[in-house]
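Student: I would like to go through this model with you. Could we begin with the contacts and then turn to the packing?

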Number of protein chains: 2
Amino acid sequence: MKGDDRRELILEAATEVFGDYGYVGTTTAVVAKAAGVSQPYVVRIFGTKQQLFIEVLRRALDILLAAFRAALATDNGQPAGPRIGVAYVDLASQRGLLLSLMHGFVLGKDPVIGAVARDGFLCVYEFLRTEAGFDADEAQQFLSGGMLINTLVGLRMTDDYDTDPRVRELMQAALPEKLDIVLALRESGL
Amino acid sequence: MKGDDRRELILEAATEVFGDYGYVGTTTAVVAKAAGVSQPYVVRIFGTKQQLFIEVLRRALDILLAAFRAALATDNGQPAGPRIGVAYVDLASQRGLLLSLMHGFVLGKDPVIGAVARDGFLCVYEFLRTEAGFDADEAQQFLSGGMLINTLVGLRMTDDYDTDPRVRELMQAALPEKLDIVLALRESGL
DNA sequence: GTCTATATGCGGATAGAC
DNA sequence: GTCTATCCGCATATAGAC
């Protein structure tokens, strides 16, 4: 297999693992096993675990913004806000993607990772304000809802959807009209 | 010094350190140094690092709910929503408290920590719905705003408040009328 | 391009003294 | 109640073969 293909394969595997265990909690050995390669090879390609995580964050952001731009371009009858909102919830089907970002967001203290995470977050904000045409308050509300969704995904709240009425109520309020997608996650092994 | 005093001292120190470096990224040695005791002593008192983190989470939640109840009881002219909201932002002055919770929220995958974190989050939701009298949608909006604030704190966005106009705009939208408090954090060493 | 073998450092936990 | 000394396992990274 060519280098670039392996690289992308490892990035996908790493996104899942980092999402599950966080930056520090993830070992390059587990990433390697998930990608079907040897541990030293992961290090060989990305240099360090830190660099691998940074590339995971950058890739996640690229995918996120690409999905937003696609949703923005697809003009059905809906206004821009709901269209992008639905696109965001759709991304929850790649759990690791949102969770890896979230793990980055709580590491602002780290000089290297923190800088990347801040930059990524602000890129999204800038997209909302300029490309999507949100005003400051709309952007804030959109991001707020997004952070709640991320938190609920991080908490694995979907596990308790059936058994806990509070969970059901909260998720119905937090996920306007896209609940089914998130619930589908449970089926596919969460 | 008596055992219980030392215990609380260590919990305070641990709250700060866990907030900065997360659960896995925190070492008992750093907690010990921050509390001014020896590393084995920390383990001795709490049994394991995991148990220590769980007690940090529980304590953080207790403080959070106590602050909310106090704000609810203090009847100035304001309605309940803004009163509790201000109480929440006030808690940001204890950065580690909100951040430790946030680090717990992204570890839902962990069988032990995840269960504690879910339970804690739902306790807050239940408080909002029953004691504070929020309806489902109000509770969702309150929690959304809270998660955005936590994320901005985790990202250390306050560092860029002066230099980046996007940060200023976003924080002004996210922090209705309590911006000054959060900014005061920067002074005190963030 | 990909592996095996391994050096090295660090962190949680234990033993046991005072 | 609190410490010092230390064991043991694990994770990143390197060396080097194929």
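Student: Which polar side-chain atom lies 2.9 Å from a phosphate oxygen of DNA strand C, on the chain B side?
Tutor: That atom belongs to T28(B). Such a polar contact is a pair of N or O atoms within 3.5 Å; within protein, one must be able to donate a hydrogen and the other to accept it, and residues adjacent in sequence count only if both atoms are side-chain atoms. This is a predicted model, in which local features need pLDDT of at least 70 and side-chain atom pairs count only at pLDDT 80 or more, while totals for chains, interfaces and linings use all residues. Residues are numbered from 1 along each chain as its sequence is written, chains are lettered from A and ligands numbered from 1 in the order written, and side-chain values use heavy atoms, without hydrogens and water.

Student: What else touches the phosphates of DNA strand C?
Tutor: A backbone N or O atom of K49(B) is 3.0 Å from a phosphate oxygen. From chain A, a side-chain N or O atom of S38(A) is 2.9 Å from a phosphate oxygen of DNA strand C.

Student: And which residues come nearest to that strand?
Tutor: Of the 16 residues around DNA strand C (a heavy atom within 4 Å), the nearest are R6(A), S38(A), Y41(A), T28(B) and Q39(B). Sugar and phosphate make up 59% of the strand's atoms within 4 Å of the protein.

Student: Turning to DNA strand D, what does Q39(A) contact there?
Tutor: An N or O atom in the side chain of Q39(A) is 3.1 Å from a base nitrogen of DNA strand D. R6(B) instead places a polar side-chain atom 3.0 Å from a phosphate oxygen of the strand.

Student: At what angle do α2(A) and α3(A) pack?
Tutor: Helix α2 (residues 28-35) of chain A meets α3(A) at about 100°, with the axes 8 Å apart. Helices here are DSSP runs of H or I with at least four residues, numbered from the N terminus. Axes are lines fitted to C-alpha atoms over the stretch in contact, and angles run from 0 to 180 degrees between N-to-C directions. The two helices are therefore roughly perpendicular, a label for angles of 65 to 115 degrees.

Student: Which residues make that contact?
Tutor: With contact meaning heavy atoms within 4.5 Å, T28(A), A29(A) and A32(A) of α2(A) meet Q39(A), V42(A) and V43(A) of α3(A).

Student: Why is the pair F105(A) and F121(A) edge-to-face?
Tutor: Their ring planes are at 85° and their centres 5.3 Å apart, so the pair is edge-to-face; rings of Phe, Tyr and Trp (its six-membered ring) pair with centres within 6.5 Å, and planes over 60 degrees apart earn that label.

Technical notes. Angles under 35 degrees count as roughly parallel, over 145 as roughly antiparallel, 65 to 115 as roughly perpendicular and the rest as oblique. Rings of Phe, Tyr and Trp (its six-membered ring) pair if their centres lie within 6.5 Å; planes under 30 degrees apart count as stacked, over 60 as edge-to-face and the rest as tilted.
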